[in-house]
Amino acid sequence: GPSEGDDLLKSVAIRLRNCMRASDTLARQGGDEFTVLLPDLAQADNAIVIAEKILNEFRVPFHVSGQDFSVSVSIGISVFPRDGESADALLKHADIAMFRVKNNGKNGFKFFDPEMNACHHERIIRENELRCAVRNSEFELHYQPLVCVTGNRIVGLEALIRWRHPVRGLVFPCSFIDMAEEIGLIHEITYWVLAEACGQLARWRAMGLDNLRISINVSPQEFNRNDLVERIASNVSKFGLPEDVLEIEITENPLLQDVSGVIDKMHRLRECGIRISIDDFGTHYSSLNYLRRFPINTIKIDQSFVRDLVEGQNCSPIIPAIICIARGFGLNLVAEGVETDYQMKTLRDLGCDEMQGYLFSMPLPADDVEQLLCDAFPILQD
């Protein structure tokens, strides 16, 4: 609450003051940001002594309203006149260095250097471009088939976002999704993907291609929003789709955070008939307990494990273990990143029926996928 927050800020100020010399100045800029002015240092590196004293002070928990709180601190340092000859320049450059610390995991310090300024400038340009992309609808979806190898048929499609940049061409999500999450654009992008994918599936179903499910990736941040379930369900309803043709893919990260909130949202999604898939299974903290507690339909074997399936080498025990776990919990199983016949046959022999990867098809624009769906699927023909 606000009162406890104010008490914490006062405690922080007292600890910071205890790290200062009598000639130093401490000011609160606003929010949770403080500025320290260190005049008359014999050399710039002496600022490290103050920074390390602050870090050590913050290692001790703060006691507020009867509870202990652990607080981290990120420190950026700029030096006069090397990093600027005005207050504005020094503050700006210290701020840039501080954000570099935050981006590198927080709880540390860093001096400003000119390369940071160039990176910061580039970052601002990329942020503005991404905001323009959202406003101007510069995104498109590509679809990668999900194949049942025992039935020789496409059973679903994963919708994968691409950014059609006016200068750089086709940009993959690994280059912009993290930024979208950091600057608060991921919500708009997620619901654009949801509406576009549902609309495209409705068009395919109208053509008679009605034995498909479609999966979309949902950012862990979306599970912090109260309207997540309603927004997803309303799109399914808007396009007249059966609820069970939509599958929401999430990574293991949100399962480890607000557990009760995530469980509630997942149960509400399942009550709406929407399927839930755990993506990149086994690459984070994979708990058998959450497989028991969470209403999951599918787990996807991460492609890093599939990549280890190489002809002439012993099969890693991880994949058979995951398959055994999925079967034990009655879950559907999908292997990602299948690129060779050997990988496909090995996975099939181990009991994994559904796969996706370049062996079958790379992600394709909607028109190309439509042709693929209408034609025979050549990779699977004997």
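Here are some questions and answers about how features of this predicted model get their labels.

Q: Why is the pair Arg82 and Asp83 called a salt bridge?
A: The side chains of Arg82 and Asp83 come to 3.4 Å, N to O. The cut-off is 4 Å between a side-chain nitrogen of Lys or Arg and a carboxyl oxygen of Asp or Glu, so this pair qualifies.

Q: What makes one of these partners, Arg82, buried or exposed?
A: Arg82 has a relative accessible area of 53%, and exposed means over 50%, so Arg82 is exposed.

Q: And what makes Asp83 buried or exposed?
A: The relative accessible area of Asp83 is 6%. Buried means under 20%, so Asp83 is buried.

Q: How do you know that Arg168 and Glu129 form a salt bridge?
A: Their closest N and O atoms are 3.6 Å apart, and that value is within 4 Å, so the pair counts. Arg168 sits in the loop between strand S8 (153-165) and strand S9 (169-171), while Glu129 belongs to helix H4 (residues 114-136), so the bridge ties together parts that are 39 residues apart in sequence.

Q: Why do Arg168 and Glu129 count as partly exposed?
A: Relative accessibility is 37% for Arg168 and 22% for Glu129. Partly exposed covers the range between 20% and 50%, so the label fits Arg168 and also Glu129.

Q: Which residues are linked with Glu129 and Arg168 in a network of salt bridges?
A: Glu122 and Arg126 are linked with them in that network. A search of the whole structure finds 19 salt bridges.

Q: What makes Asp227 and Arg225 a salt bridge?
A: Their side chains meet at 3.5 Å, N to O, which is within 4 Å, so the criterion is met. Asp227 is partly exposed at 25% relative accessible area, and Arg225 is partly exposed at 32%.

Q: Why is helix H7 called roughly parallel to helix H8?
A: The axes of H7 (residues 228-238) and H8 (residues 259-271) come within 10 Å and cross at roughly 20°. Angles under 35 degrees count as roughly parallel, so that makes H7 roughly parallel to H8. The crossing is right-handed. The contact is made by Leu228, Val229, Glu230 and Ile232 of H7 and Lys265, Arg268 and Leu269 of H8.

Q: How do you know that the span of helix H6 is close to the expected one?
A: H6 (residues 186-206) has 21 residues and reaches 30 Å from its first C-alpha to its last. At 1.5 Å a residue, 30 Å is expected, so the span is close to expectation. Just after H6, Gly208 takes a positive phi of about 100°.

Q: Why is Phe139 called buried?
A: Phe139, in strand S7 (residues 139-148), has a relative accessible area of 9%. Buried means under 20%, so the label holds. Phe139 touches residues including Leu130, Ile161, Phe176 and Trp192. Trp163 is another contact, and the C-alpha atoms of Phe139 and Trp163 are separated by 4.5 Å although the two are 24 residues apart along the chain.

Q: What is the omega of the peptide bond that joins Phe80 and Pro81?
A: Omega is about 0°, and the bond is cis. Pro81 is found in the loop between strand S5 (74-77) and helix H3 (87-103).

Q: Which loops hold Asn107 and Ser137?
A: Asn107 lies between H3 and strand S6 (108-111) and has a positive phi of about 60° although it is not a glycine. Ser137 lies between H4 and S7, with a positive phi near 55°.

Terms used
Residues numbered from 1 in each chain as written. Predicted model: local features only at pLDDT ≥ 70, side-chain atom pairs only at ≥ 80, totals over all residues. Heavy atoms only, no water. Helix = DSSP H or I, 4+ residues; strand = E, 2+ residues; numbered from the N terminus. Buried < 20%, exposed > 50% of the residue type's maximum accessible area, 1.4 Å probe, protein only. Axes fitted to C-alpha atoms, helices over the stretch in contact; angles between N-to-C directions. Parallel < 35°, antiparallel > 145°, perpendicular 65-115°, else oblique. Left-handed = near helix turned anticlockwise from the far one by under 90°. Contact = heavy atoms within 4.5 Å. Lists of a residue's contacts leave out its neighbours within four places in sequence.
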